[in-house]
Amino acid sequence: MAAEPQKMEFKSELKQILNLITHSLYSHKEVFLREMISNASDAIDKMRFDSLSNEAVLENNREWKIKITADPAQNTLTISDNGVGMTRDAVIENLGTIAKSGTREFLDQLKAADAASRPELIGQFGVGFYSAFMVADTVTVVTRGPGGEAEGIKWVSDGQGEYTIESYSKPSRGTDVTLHLKAEEKEFLEPWKVRSLVKEFSDFIEHPIVMDEESEDENKVKTITEQTLNSRKALWLRSKADVTKEEYEHFYKQISNDFNEPARVIHYTGEGTVEFKVLLFLPSKKPFDMTFGEVKVGPKLYIRRVLVMDHCEQLLPQYMRFVKGVVDCSDLPLNVSREMLQQNPMLEKIKNNLVKSVLKNLEEMKNTAYDEYVGFFAEFGAFLKEGLSHDYMNREALSKLMLFESMKTEEKKYISLSQYVEAMPEDQKEIFYLTGENRDLVAHTPYLEVFKSKGWDVLFMTDPIDEFILPSLQEFDGKKLVAADKSDVSLPSEKETKEAQKEYALLFTALKQSLDQIKEVRVSTRLKESASCLVSDKDAMSANMERIMQKLGQGGEARKTERILELNTEHPAVIALKKIFDANSADERIGTYAQLLYGQAVIAEGSKVKDPVAFANLINQLLVRNAGV
Ligand code: ADP
């Protein structure tokens, strides 16, 4: 069949990405080889997995191998594998588009990022194949799938916007990626260079990475032998003492697409009813794909060194989606389908073990490297909070990992619940917190006045998710958590509250009549400087939660809980109001004052007054009257 090669265009956004990749990654060009080898290795893993249920597909081509061939005459470097290969459709799908979501965001980030962090972003987005264009001006891919697909495919592109695709006779299964190196990149043809790059980046790849090497004997007779360049030792099967920090880091970068160093490496053998090897990594920075692309949960699952799943969701809970790594279990059956495997009860056992060890490692980090933990929490705290609201079994361990700002901390400084409890004065029996939109608002609410004067700290919960962890965080270390705006903590008052309540009873009834939004007016025992504040019943929804629900479109007036207006009977404004009322209980100013005291309280809790213009009018009336005009 001698059909003309078909010319096709890259999807438009890919064009821009290619442009950025080829023009902005000078400093890390050598990563292309790692990417090509990694793709070849993945293709072999896939083939090997498919052959588990049907060995015939191997067609006796089962000696897994990744071969690197340098051809100085042609100026080409070829990476060949006998993996799964690609059909025509797969070539178009995989090499002609970027199938992942969030391409737009990716491009924006890439443009905004400084040159040094660009390769990192590219890796995270999984555009590994295109890194070939950093060193090559043309890339040719010749590939063929297994079995009946006698026809191979040839794909050629200069990375400028178009590629050609045509049928091509390829005798054996697998893929050859040939890079026609740019004139200035000839260095990558040197055997020593290739050897050192493989050693540095891909040493732990399980399949042999080979290269032909020429040697001469004393009679100048040349022989070519195939040399294996990598040690092929699966890192997770080696003992911890034998693995260097660099090896862990390279491996982490390879499997995670994260260019940063991991914050923690967790490497151990799980023993008991099931035996398994674990190598997990906790990242130090939130990878790009956690913000945009879809995040896959779970470590790679190997069974006796054979990769069976890239992300085994059964092995980690959703909230631990930041954990990357490998689990290799020798007790699981290799010859069952993925679906059957996912139902195996052993996975649940392993999962419980992994979760415990991740939490234990975080606890250790908090106790032995507090500043580092604070940095980790700033990146991943929201995931741990999600865990606290879902993972009932590990509630205690998770609550120990929580950090909050508080009334006594500076901005962006945190304390843990245990630190809070340790610092509690003897007469304080409960842990107090206040939820709200941001620190600024929360720190200035009147609810804190009583706590300030007592010297008791109040935790600030200003992350929207905080409202959702509260149901799981009702107690810590035997102490109840209580909302500061619902507590009945009171200041020692000069006047007996009951007395004041009696004295003000008539006025309060009158005020209540002009304020139909509220349930009750009462004497406050929590205010020192402010005249008024709003409080809720103990089991009512917090004002912050109401605002969140409204933002989610689930609020509305109907939902608004009835609040209690508290007045500070030692405040001059409240005393003045009482005087007006005592002189003439029908004085029209009483209604105005009621609205003003209520409005102040609404603003102080971080909510919005319903009618800001009317509220401003009331203040203006007061100004005019005061000026005696
Ligand atoms: P990623 O590997 O992160 O998916 P790449 O850009 O490196 O992204 O590769 C895109 C896709 O092209 C791969 O997912 C794979 O399906 C296909 N591919 C690349 N190289 C090979 C290969 N050597 N053999 C088979 N498929 C390949």
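Here is a short tour of a predicted model, with something to select at each stop.

**Stop one: a five-stranded sheet.** Start with strands β10, β11, β14, β12 and β13, which make an open sheet in that order, with mixed pairing. Now color β10 (264-270) and β13 (306-309): these are the edge strands, and each pairs on one side only. Going from one strand to the next, the twist averages 20°.

Zoom in on β12 (residues 300-303) beside β13. The two run antiparallel and are joined by three bridges. To find your place there, click I303, which stands opposite V306 in β13.

**Stop two: the helix across the sheet.** Add residues 345-368, helix α10. This helix lies across β10, β11 (276-282), β12 and β14 (324-329), and runs at about 40° to β11.

**Stop three: a loop glutamate.** Next, pick E185, in the loop between β7 (174-181) and α6 (191-202). Is E185 buried or exposed? With a relative accessible area of 5%, E185 counts as buried, because the cut-off for that is under 20%. Show K29, M134 and V135 as sticks too: E185 touches these once you leave aside its neighbours within four places in sequence.

**Stop four: a helix pair.** Finish with α20 (residues 572-583) and α21 (residues 589-604), whose axes are 10 Å apart and set at an angle of about 160°. The pair is therefore roughly antiparallel, and the crossing is left-handed. For the contact itself, select L577, I580 and F581 in α20, then R589, I590, Y593 and L597 in α21. By type, that makes six nonpolar residues, no polar ones and one charged.

Conventions
Residues are numbered from 1 along each chain as its sequence is written. This is a predicted model: local features need pLDDT of at least 70, side-chain atom pairs count only at pLDDT 80 or more; totals for chains, interfaces and linings use all residues. Side-chain values use heavy atoms; hydrogens and water are left out. Axes are lines fitted to C-alpha atoms, for helices over the stretch in contact, and angles run from 0 to 180 degrees between N-to-C directions. Helices (H or I, at least four residues) and strands (E, at least two) are DSSP runs, numbered from the N terminus. Angles under 35 degrees count as roughly parallel, over 145 as roughly antiparallel, 65 to 115 as roughly perpendicular and the rest as oblique. A crossing is left-handed if the near helix is turned anticlockwise from the far one by less than a right angle, and right-handed if clockwise. Contact means heavy atoms within 4.5 Å. Ala, Val, Leu, Ile, Met, Phe, Trp, Tyr, Cys and Pro count as nonpolar, Asp, Glu, Lys and Arg as charged, and the others, Gly among them, as polar. Buried means under 20% relative accessible area, exposed over 50%, partly exposed in between (1.4 Å probe, protein chains only). Two strands pair if DSSP finds at least two bridges between them.
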